[in-house]
Amino acid sequence: MMPIPSGWDLSGRVAIVTGAARGIGLERVNLLWSRGARVVASDLNPSVNELGGEDIATFCGDISQEATAIGTSRLALQRFGSIDILVNNAGRTMNKPLIDMSTADWDAIMAINARGNFLHSREAVRAMLGRGGGAIVNVASIVSAVGMKDTSVYGASMGAIAQLTKVVAVEYGDRGIRANAVSSGVVETDILEGIVENSRSTLTAYGNAHPIGRVAQPIDIAEVIAFLASPAPTFMTGALVMADGGYTAL
Ligand SMILES: NC(=O)c1ccc[n+]([C@@H]2O[C@H](COP(=O)([O-])OP(=O)(O)OC[C@H]3O[C@@H](n4cnc5c(N)ncnc54)[C@H](O)[C@@H]3O)[C@@H](O)[C@H]2O)c1
């Protein structure tokens, strides 16, 4: 195993990671845990429970529900004694033209991506304030910064996450809480399954649109998250960090 730069060491820290059953979230749980953190891994999918272990507790619930945000926070506090890191990762996409989007589509995506982020941030900040601070890392997307066809609802939800990140940073910066977001390019996960026809070939086409010549793997994004969650970037807060293979540099 490669030595961990000391500033990236997460020993003694407690992290909540949402959307931890698969994809970027699962990679993140593994990476934070391997750097010393104790982790509460939550997901809608009960397969998250397979992750359990001495330093990993699991919670099954829908992030759009207040009870999930409160339950996850309570679990972290009761099992591990604090919340030092929140990774708001769980989310869903929705890809179709604006004229085909229904109000139910809007409500469903905003409830998960925007309200879920708000609820979990609120509960984590409440807990962090009592301990002198913490780090919140939100997973946003390039569509929080640029327009992309067929992403009206998803893009609006990512824009909401970007703005929530800045507000938390401004509101609680002087109380030791840093909030940053990673605006990710397209990542090879199962998120497009059942939403986009031929999702695998769509991923290849997306790869060609990134100057770096490929889409990201979950570990590419998890590394950026682990850095933002660590004590190393002491002066970074309110930032939207582009981890996008150069997509928004075009
Ligand atoms: N994959 C990409 O191209 C990409 C790009 C930019 C941003 N993102 C964002 O990254 C995050 C993770 O995406 P991924 O690609 O790993 O997706 P994924 O679909 O592989 O994993 C998402 C996880 O979140 C969980 N989840 C979904 N809705 C939930 C809910 N309501 N409550 C609790 N858990 C829920 C799913 O069960 C799943 O385990 C999402 O927020 C997504 O918007 C992904």
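**Stop 1: Gly36**

Select Gly36 in this predicted model. Gly36 sits in the loop that joins helix 1 to strand 2. Is Gly36 buried or exposed? Partly exposed: 15 C-beta neighbours lie inside 10 Å. The backbone here takes a positive phi of about 110°, just after helix 1.

Now add Ser11 to the selection. Gly36 and Ser11 are 25 residues apart in sequence, yet their C-alpha atoms are 4.0 Å apart in space. Ser11 is one of four contacts to show. Leaving out residues up to four places away in sequence, Gly36 touches Asp9, Leu10, Ser11 and Gly12.

**Stop 2: helix 1**

Step back along the chain to helix 1, residues 23-34. Put a distance between its end C-alpha atoms: they are 17 Å apart. That agrees with the 16 Å that 12 residues should span at 1.5 Å a residue.

Next, colour by burial. Helix 1 is mostly covered, with 9 of its 12 residues buried. Look for Gly23, Ile24, Gly25, Leu26, Glu27, Arg28, Val29, Leu31 and Leu32. What covers them? Show strands 1, 2, 3, 4 and 5, together with helix 6; these are included in the cover.

**Stop 3: the ligand**

Stay with helix 1 and bring up the ligand. Which element gives the largest share of the shell around the ligand? Helix 1, with 3 residues. Helix 1 and strand 5 (134-141) each supply at least two residues of this shell.

Select the whole shell next. There are 26 residues around the ligand, and Gly19, Gly23, Gly91, Thr189 and Ile191 come nearest. Gly23 was also on the list of buried residues in helix 1. Colour the shell by type: 10 residues are nonpolar, 11 are polar and 5 are charged.

**Stop 4: helix 2**

Go to residues 66-80, which form helix 2. It has 15 residues and reaches 21 Å from first C-alpha to last, close to the 21 Å expected at 1.5 Å a residue.

Select its buried residues: Thr68, Ala69, Thr72, Ser73, Ala76 and Phe80. Now look down the axis of helix 2. The buried residues fall within an arc of 130°, so they line one face of the helix. Turn to the other side, where Glu66, Ala67 and Gln78 are exposed.

What does the buried set pack against? Show strand 1 (14-18), strand 2 (38-43), strand 3 (56-60) and helix 3 (103-129). Before leaving, click Gly81, just after helix 2. Its phi is positive, about 95°.

**Stop 5: Asp150**

Select Asp150, in the loop between strand 5 and helix 4 (152-172). Check its backbone angle. Most residues other than glycine have a negative phi. Asp150 has a phi near 70°, a positive value in a residue other than glycine. Asp150 counts as partly exposed, with 17 C-beta neighbours inside 10 Å.

**Stop 6: helix 6**

Jump to helix 6, residues 218-229. Its 12 residues reach 16 Å from the first C-alpha to the last, close to the 16 Å expected at 1.5 Å a residue.

Which residues of helix 6 are buried? Pick out Pro218, Asp220, Ile221, Ala222, Ile225, Ala226, Leu228 and Ala229. Their cover includes helix 1 and strands 1, 4, 5, 6 and 7. To find three of these strands, select 85-88 for strand 4, 177-184 for strand 6 and 240-243 for strand 7.

**Stop 7: Ser230**

Move on to Ser230, in the loop between helix 6 and strand 7. Ser230 is buried, because 24 other C-beta atoms lie within 10 Å and the cut-off is 20 or more. Setting aside neighbours within four places in sequence, show its contacts: Gly7, Trp8 and Leu10. Leu10 also touches Gly36, the residue at the start of this tour.

Now pick Leu129 for a distance check. Its C-alpha atom is 18 Å from that of Ser230, and the two residues are 101 apart along the chain.

**Last stop: the whole chain**

Zoom out. How many helices and strands does the chain have? There are 6 helices and 7 strands. From the N terminus, trace them in the order β-α-β-β-α-β-α-β-α-β-α-α-β. The radius of gyration is 17 Å, close to the 18 Å that the globule rule gives for 250 residues, so the chain is as compact as a globular protein of that length.

Draw a box along the principal axes: the C-alpha atoms fill roughly 45 × 40 × 35 Å. Colour by burial once more, and 46% of the 250 residues count as buried. Finally, turn on contacts with a separation of 6 or more. Residues 24 or more positions apart account for 71% of them.

How values were computed:
Residues are numbered from 1 along each chain as its sequence is written. This is a predicted model: local features need pLDDT of at least 70, side-chain atom pairs count only at pLDDT 80 or more; totals for chains, interfaces and linings use all residues. Helices (H or I, at least four residues) and strands (E, at least two) are DSSP runs, numbered from the N terminus. The expected span of a helix is 1.5 Å times one less than its number of residues. The arc is that of the directions from the helix axis to the C-beta atoms. Two residues are in contact if their C-beta atoms, placed from the backbone, lie within 7 Å. A residue is near a molecule or strand if its C-beta atom, placed from the backbone, lies within 6 Å of it. Ala, Val, Leu, Ile, Met, Phe, Trp, Tyr, Cys and Pro count as nonpolar, Asp, Glu, Lys and Arg as charged, and the others, Gly among them, as polar. The radius of gyration is taken over C-alpha atoms; the globule rule is 2.2 Å times the number of residues to the power 0.38.
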